[in-house]
Every structure is written in C-alpha cells, then in structure tokens.
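Here's a friendly walk through a structure you may not have met before. Have a look at it first, then read on.

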Amino acid sequence: MKRYYPFNDYLKKKFGCKVYKVSVDAGFTCPNRDGTVASGGCIYCDDAGSRASYCDRGLSVREQILKGIELVRNRYGARKFIAYFQAFTNTYAPAAKLKSIYDQAFVSDDVVGIAIGTRPDCVGEEVLDVIEQYALKRDVWIELGVQTVHDRTLAAINRGHTAGDSLSAIRAIKRRAGLKVCAHIIVGLPGEGAAETIETARELSDSGIDGVKVHCLHVLKGTIAEKMFAEGKLALLAREEYVRRACDVLENIRAGITVQRLTGEAPAERLVAPLWVNGKQRILKMIDVELERRDSFQGKLTR
Ligand code: SF4
C-alpha cells in the first residue's frame, strides 16, 4: 500500500488489469519553438521534445502504436493500452488534422484510452470538440504542462504562457464531459523554494485536476538550461531536497488525484545533470520512507 494514489491503482480498478502507455511521436512541433509564441522553447526543452527513445517519426501513428503494443505485449504480457501523444505540443494543428491523427491510435479495442500532452494555450474549444468525442468510449486524459503557478518563474523559463492561462485551460477541459486533466509540475525551477512548490500544488489541487506528474528540473544537452548551468546561472536540487519537495506536493493535493509520475528519467546520453534523476526506484523508495518518517500521506495538508 502506498501513502499516495498511484495511477496504476486507478487503471487496475477501472480496467481489471495493468494498462500500459504506448508513446507516439505524431510529428508535431510547438508554438513556443517555431516563433508563433516564442522561439527557442522552454529553457529545458531539447530537440526530442520529451519523445520516448523508441518512437520513430518515420512511421505513421498507426504503425508506431502497433509496434509499441507488440513491444510491451512481448515484454510484459500487456493486454490493454493507452496511446500517449507525448512529443512536443500534441494539439498544435487544425481540428480536422488532429482528428485524423488521433483516430489512427485506436487500432483495436485493447487501446482503452488516449493521453494527449499539450500546453495551456493550445486547448481551444475546437480542439476540445474533437477530443471530447473519444471520451464516449475511452479514458481520455489531457496532460497539461503547467509546471508552476508563478508567473515570474514561467517568464524565467520562457514558457510563453501565464499561470492564468493554465487555470483557464483546466476549467475549459473540465467543462467537457469525460475529459480528465493531468497537470505536469516541475520541482526546482529557478528562483523557487519549497513554499512556491507548495503553492503550486495547492492551487492545482483546488482547480479540479484529476492527475499529476511531478519531476525535478534536469538539464539536457543542447538546451538553454545547459548553457545556464555551465555559466553557473542555474542551481539544481540535491536528491534529498527533491524527495522532500515531492512529499510536500503529495501532502498538498487532494487524495483522489491520481499520481502518474513522481520522478522523471532522461536518456543517459542526453542528460547533463543531475545524474541522480535516473535512479527512479531509489527515489520512489526515498519518497516512501520520507512519507513514513513524517507519518504523512497524500492530501494530509489540503484545505
Ligand atoms: S511547451 Fe513543451 S514542447 Fe514546447 S518548448 Fe516547452 S517543453 Fe518544449
């Protein structure tokens, strides 16, 4: 038993078995990289845009899903799947084109859900009209890059949107039948301490989100953050401090919010620092130990 609500528990209860995410790269870019909102992107964004290493942009979405399903079926005996549109901004196209892309994901009834990663300024009503249709039959998640509710930090990391945009997007998504929001939070952003992290967790918890993904700021090769780090302009958290702040997040979000990630990994060849982020199991264990030490659990400090 965890002292928080793992996403796997939610999926097992809903679908009767473990459900595996299959990532696809549908060839999107991002308005924060192509000059529409800004150029250069968020300081931590690299050319892969969070793409899973096994994704092949040369294949169609359908081919990628079929290949990914085969992979996890053979490796884990997986039976049910969520198609995860992960790389860059996966709602950044006209509505008709989005529909033709998402439709390809449903290669069989074993694809029980879809998760779409995007930015708060890219979920207009036409986009939601398209996505809402999938919720009639499937579990539909919009994974929203919120990162923090502090505008000063959002400006410092060149996000190109405000905290108000994030909260408006969450409200717009939650008005749609069946759509669920998973908010991404980055811990250890420039200028933020534990107090700012707690404020982010509380505000998001109150906003009605259904899930969170939390990870520590880390530096990848070829990013603006790499340059800042080399010049001594970017401080990164120690593992112990990250663990404490991850527990702070858990204590300050409602008990019913699914916890979809508590640490982020990066391909070793692209990771600059901190190297400890690639010790996932150790970090998860440390979070368990810290919650036990505090005699605490998810939602303990929610208002
Ligand atoms: S919003 Fe996402 S894809 Fe766009 S620049 Fe930022 S991290 Fe990269």
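## A glutamine with polar company

A polar atom of the Gln298 side chain sits 2.8 Å from the backbone oxygen of Ile257. The side chain of Gln298 also gets to the backbone oxygen of Ala255, this time at 3.4 Å. Keep in mind that you're looking at a predicted model.

Where is Gln298 along the chain? You'll find Gln298 in the segment that comes after helix 10 (280-293). Is Gln298 buried or exposed? Gln298 has a relative accessible area of 6%, and buried means under 20%, so Gln298 counts as buried. Setting aside neighbours within four places in sequence, the contacts of Gln298 include Arg3, Tyr4 and Tyr5, and also Leu250, Ile253 and Val259.

## The sheet

Now for the sheet: 7 strands make up an open sheet with parallel pairing, and their order is 1-2-3-4-5-6-8. At the edges you'll see strand 1 (19-24) and strand 8 (258-261), each of which pairs on one side only. On average, neighbouring strands in this sheet are turned by 25° against each other, ignoring direction.

As for what holds such an arrangement together, strands of a sheet pair through backbone hydrogen bonds, either parallel or antiparallel. Here, strand 1 pairs with strand 2 (residues 80-85) in the parallel sense, over 6 bridges. If you'd like one spot to look at, Lys21 has Ile82 in strand 2 as its bridge partner.

## Helices on the sheet

Which strands does helix 1 touch? Helix 1 (residues 7-15) packs on the sheet and touches strand 1, strand 2, strand 3 (111-118), strand 4 (139-147), strand 5 (179-187) and strand 8. The direction of helix 1 makes about 165° with that of strand 4.

Helix 7 (residues 194-207) is another one to find: helix 7 lies across strand 4 and strand 5. Helix 7 runs at about 175° to strand 5.

## Cysteines without bridges

How many disulfides turn up in a search of the whole structure? The search finds 0. Cys216, for one, is in no disulfide: the nearest cysteine sulfur belongs to Cys247 and is 13 Å away. A disulfide needs the two sulfur atoms within 2.5 Å, so the Cys216 and Cys247 pair doesn't qualify.

Cys216 is also buried, with a relative accessible area of 3%. Cys42 counts as buried too, at 7% relative accessibility.

Methods
Residues numbered from 1 in each chain as written. Predicted model: local features only at pLDDT ≥ 70, side-chain atom pairs only at ≥ 80, totals over all residues. Heavy atoms only, no water. Helix = DSSP H or I, 4+ residues; strand = E, 2+ residues; numbered from the N terminus. Buried < 20%, exposed > 50% of the residue type's maximum accessible area, 1.4 Å probe, protein only. Polar contact = N/O pair within 3.5 Å; in protein donor to acceptor, adjacent residues only side chain to side chain. Contact = heavy atoms within 4.5 Å. Pairing = 2+ DSSP bridges. Axes fitted to C-alpha atoms, helices over the stretch in contact; angles between N-to-C directions.
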